Amino acid sequence: MSTKTTNEFGGEIGGVTLLGKAHSLSALFIVLLRATIGGMILFAGLGKVSQWPFDAAGYLANVGSASPVSGLYAAMASNAALMEIVNVIVPVTQVLIGVALIAGAFVRLAALGGAMQMTLFYLGGWSGDALALFDSTLVYAIVFLTVAAFGAGRVLGLDAYIERFEVGGQALVEKFPALRYVLG
């Protein structure tokens, strides 16, 4: 019996099986990726909080007409009650997402939240130009999704401990299997 482990991963998409072997440094780099993207969004949120009051209305009202969400964002900007909510939700969720990713807690939920925010920013920044297709917010969204897909909270993160937390003599994720979608 060998004590050496291999880092194999794979899946099936559309009838095509994908298999691979990760490098021994892969775990280190997924932790670095999780901490880096977590730090990026944490400091974006802290920047908004430090310059309080934050106001997203200017951004939403000035989205270019080529953007597929320009009308929706303009309507949001003109609704004062909605803007009161958005102006709190954006910085608060950015701080929470950043802290969760750095700590490795509820990583999938946090990473999906980060990917959703980046996608909304990406759509708002869309200029209609083919060269702008791959801008930084799209790359950030993909990085968030990568962190979620790899279950990066299980590597030097609190998710590894949260999943094993016992409730009624059972591991938390065994008792509540749906938590596997937010932890990892």
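1. L156 is a good place to start: in this predicted model, L156 lies in the loop between α6 and α7. The backbone there has a positive phi of about 50°, although L156 is not a glycine, and most residues other than glycine have a negative phi. With a relative accessibility of 74%, L156 counts as exposed, because the cut-off for that class is over 50%. A reader who wishes to check this position against the model should therefore look in the loop between α6 and α7 and expect an exposed side, given the 74% relative accessibility of L156.

2. F106 raises a similar point in another loop, the one between α4 and α5. Phi of F106 is near 55°, again a positive value in a residue other than glycine. F106 has 39% relative accessibility and so counts as partly exposed, since that value falls between the 20% and 50% cut-offs.

3. The peptide bond that joins W52 and P53 is cis, with omega at about 5°, whereas most peptide bonds are trans. P53 has its place in the loop between α1 and α2, and a colleague who inspects the backbone of that loop should have the cis bond between W52 and P53 in mind.

4. As to the overall fold, the protein chain has eight helices and four strands, and from the N terminus on the elements run β-β-α-α-α-α-α-α-α-β-β-α. The C-alpha trace spans about 65 × 40 × 30 Å along its principal axes. Of the contacts in the chain with a separation of 6 or more, 65% are accounted for by residues 24 or more positions apart.

5. With regard to burial and surface, 33% of the 184 residues of the protein chain count as buried. The chain exposes about 11200 Å², and carbon and sulfur atoms supply 69% of this area. There are 9 positive and 10 negative charges, and the mean positions of the two sets are 11 Å apart.

6. The UniProt annotation "transmembrane region", which comes from an unreviewed entry, covers residues 25-44, 56-76, 88-111 and 131-156, and two of these segments can be set beside the model. Over residues 88-111 the chain is 88% helix and 0% strand, with the end C-alpha atoms 19 Å apart. Over residues 131-156 the chain is 54% helix and 0% strand, and there the end C-alpha atoms are 38 Å apart.

7. Which helices do the buried residues of α4 pack against? Helix α4 has 24 residues and reaches 35 Å from its first C-alpha to its last, close to the 34 Å expected at 1.5 Å a residue. Its buried residues include M83, V86, N87, V90, P91 and Q94, and also V95, I97, G98, A100 and L101. The buried residues of α4 pack against α1, α2, α3, α5 and α6.

8. Helix α5, which covers residues 107-125, has 19 residues and reaches 26 Å from its first C-alpha to its last, close to the expected 27 Å. Among the residues buried in α5 are V107, R108, A110, A111 and G114, together with A115, Q117, M118, Y122 and G124. The buried residues of α5 pack against α1, α2, α3, α4, α6 and α7.

9. D135 is found in the loop between α5 and α6. At 26% relative accessibility, D135 counts as partly exposed. The C-alpha atoms of D135 and Y122 are 7.7 Å apart in space, although the two residues are 13 apart in sequence, and Y122 is one of the buried residues of α5.

10. G64 sits in the loop between α2 and α3 and, at 35% relative accessibility, counts as partly exposed. G64 and M76 are twelve residues apart along the chain, and their C-alpha atoms are separated by 15 Å.

11. Finally, T17 lies in strand β2, which is made up of residues 16-21. When its neighbours within four places in sequence are left aside, T17 is in contact with G11 and E12. T17 and L133 are 116 residues apart in sequence, and from C-alpha to C-alpha they are 29 Å apart in space.

Conventions. Residues are numbered from 1 along each chain as its sequence is written. This is a predicted model: local features need pLDDT of at least 70, side-chain atom pairs count only at pLDDT 80 or more; totals for chains, interfaces and linings use all residues. Side-chain values use heavy atoms; hydrogens and water are left out. Helices (H or I, at least four residues) and strands (E, at least two) are DSSP runs, numbered from the N terminus. Buried means under 20% relative accessible area, exposed over 50%, partly exposed in between (1.4 Å probe, protein chains only). Contact means heavy atoms within 4.5 Å. Accessible areas come from the Shrake-Rupley method with a 1.4 Å probe; for residues, only the protein chains shown count as cover. Lys and Arg count as positive and Asp and Glu as negative; His and the chain ends are not counted. The place of a charge is taken as NZ of Lys, CZ of Arg, CG of Asp or CD of Glu. UniProt positions are given in the numbering used here, feature names are shortened, and annotations may be inferred rather than shown by experiment. The expected span of a helix is 1.5 Å times one less than its number of residues.
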